[in-house]
Amino acid sequence: MQIIDGKKISQEIKDEVKEEVAQLKAEGKDIALAVIQVGADPASSVYVRNKKRACEYVGIESVSYELPEETTQEELMAIVDKCNKDPKINGILVQLPLPKHLDEDEVLLAIDPKKDVDGFHPVSVGNMVIGEKGFLPCTPAGVIQLLKRSGVEIDGKECVVVGRSNIVGKPMAMLLLRENGTVTICHSHTKDLKEVCKRADILVVAIGKPKFIDDSYVKDGAVVIDVGIHRNENNKLCGDVDYDKVAPKTTAITPVPGGVGPMTIAMLMKNCVESKKLFGE
Ligand SMILES: Nc1nc2c(c(=O)[nH]1)N[C@@H](CN(C=O)c1ccc(C(=O)N[C@@H](CCC(=O)O)C(=O)O)cc1)CN2
Ligand SMILES: [Mg+2]
C-alpha cells in the first residue's frame with residue numbers, strides 16, 4: 001500500500017513554479033495575486049496565510065485585502081472591480097466561504113475570467129468542459145497531479161466521485177473524464193451508494209462527512225483519494241474516509257492532513273503563472 005504524499009508532491013510543484021517565476025522575472029514579468037478574505041473564519045485565515053506564504057516562496061507578490069465581516073456586497077464588488085482593472089494584478093482569489101449575507105455567485109461572476117486563478121468563473125468551467133486552455137480549479141487539478149505523479153493510471157479506469165459540489169465533485173469528474181477515465185458521480189440521492197463505490201478502481205470522496213467511507217465501500221486494490229477535511233473536538237484533522245479501516249484494502253490512499261489539501265495551494269501558484277503566460281502583458 002502506497003501513502004500518497006501530498007506534502008512532498010505539492011513541494012515539487014511549488015519548486016517547479018518557483019523556477020518558472022524566476023524565468024519570467026528575468027524577462028521583466030512580475031506576477032501579483034490579490035488575496036481577498038472577508039471576515040475571520042479561523043480555517044479560512046489558515047488557508048489565506050498559507051497561500052500568502054506560498055506566494056512568497058515561489059516569488060509571486062500577494063496583495064492582501066482583509067475585510068471586516070460586515071463588508072457589504074457593494075464594497076466587495078468594488079474591490080473585485082478595482083483588481084480587475086489593475087494591470088499589475090494577474091490573479092484574483094476570493095477566499096470561500098463568504099459570510100452568509102454576501103452573494104458568492106455574484107462575486108465569482110464579477111472576477112475577470114483572465115484573472116480567475118481559482119477556476120470558479122463560468123467561463124473557466126466552460127473551457128474546462130470543452131478542453132480549451134484556461135484555469136483549472138485547484139483542488140480537482142491537484143488530485144489529477146497526485147494520481148499522475150504517484151504513477152496511478154487513469155485511462156480506462158472505473159472512477160467514482162462521491163459528491164457533486166461546483167468546486168470539487170463536478171470539476172473532479174470532468175478532469176477524470178479528460179484523462180479517459182470512466183466516470184460515475186454519486187450524491188445524496190444515489191441508490192446503493194456502497195455498491196457503486198465498490199466498482200471504483202479510483203474512488204474520490206468529497207462529501208463533507210467525517211469518516212463516512214469505511215472499508216465496506218471499497219474494492220480490494222482500489223486507489224482512494226480523500227478530499228474531505230474536518231477538525232474534531234480535540235482539534236485533530238480527519239477526512240471523509242475512515243483511513244484506518246480503508247487503507248489496508250487499497251493500493252494507494254491519500255492521508256488527511258498531508259494529502260489533497262496542500263495540493264490546492266500548489267495548484268493555485270501554478271495557475272498564477274498560467275495567468276501571466278496566457279494573459280499577462
Ligand atoms: N477561493 C477558494 N476558497 C476555498 C478553496 C479554494 O480552492 N479556493 N478551497 C477550500 C479551502 N482551501 C483553500 O482555500 C484549502 C483547504 C485545505 C488546505 C490544506 O493545506 N490542508 C491541510 C491541513 C491544513 C490545516 O492544518 O488546517 C492538509 O489537508 O494537509 C489548503 C487549502 C475552501 N475554500
Ligand atoms: Mg451567501
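This short talk covers one sheet and the surroundings of one ligand.

Good morning. A word of caution first: this model is predicted.

Let's start with the sheet. It is open and has three strands. Their order is β3-β2-β4, and the pairing is parallel. In general, strands of a sheet pair through backbone hydrogen bonds, and they do so either parallel or antiparallel.

Which strands stand at the edges? They are β3, residues 61-67, and β4. Each has a single partner strand, so one side of each is left without a neighbour in the sheet. On average, neighbouring strands here are turned by 15° against each other, direction ignored.

Now look at β2, residues 32-38. Seven bridges join β2 to β3. Find Q37, and you will see E66 of β3 standing opposite.

A helix packs on this sheet: α3, residues 73-85. Helix α3 touches β2, β3 and β4. The direction of α3 makes about 175° with that of β2.

On to ligand 1. There are 17 residues around it. Which come nearest? Y47, L96, P257, G261 and T264. Four elements give two or more residues to this shell: α2 (42-58), β4 (91-94), α6 (138-149) and α10 (260-279). So β4 appears again, now beside ligand 1 as well as at a sheet edge. The most comes from α10, with four residues.

What classes make up the shell? There are 11 nonpolar residues, five polar and one charged.

Last point: why does ligand 1 lie between two domains? Because domain 1 (28-114) and domain 2 (138-261) both give residues to its shell.

Thank you. Over to the group.

Conventions
Residues are numbered from 1 along each chain as its sequence is written. Chains are lettered from A and ligands numbered from 1 in the order in which they are written. This is a predicted model: local features need pLDDT of at least 70, side-chain atom pairs count only at pLDDT 80 or more; totals for chains, interfaces and linings use all residues. A residue is near a molecule or strand if its C-beta atom, placed from the backbone, lies within 6 Å of it. Ala, Val, Leu, Ile, Met, Phe, Trp, Tyr, Cys and Pro count as nonpolar, Asp, Glu, Lys and Arg as charged, and the others, Gly among them, as polar. Domain bounds come from an automatic or database domain assignment. Two strands pair if DSSP finds at least two bridges between them. Axes are lines fitted to C-alpha atoms, for helices over the stretch in contact, and angles run from 0 to 180 degrees between N-to-C directions. Two residues are in contact if their C-beta atoms, placed from the backbone, lie within 7 Å.
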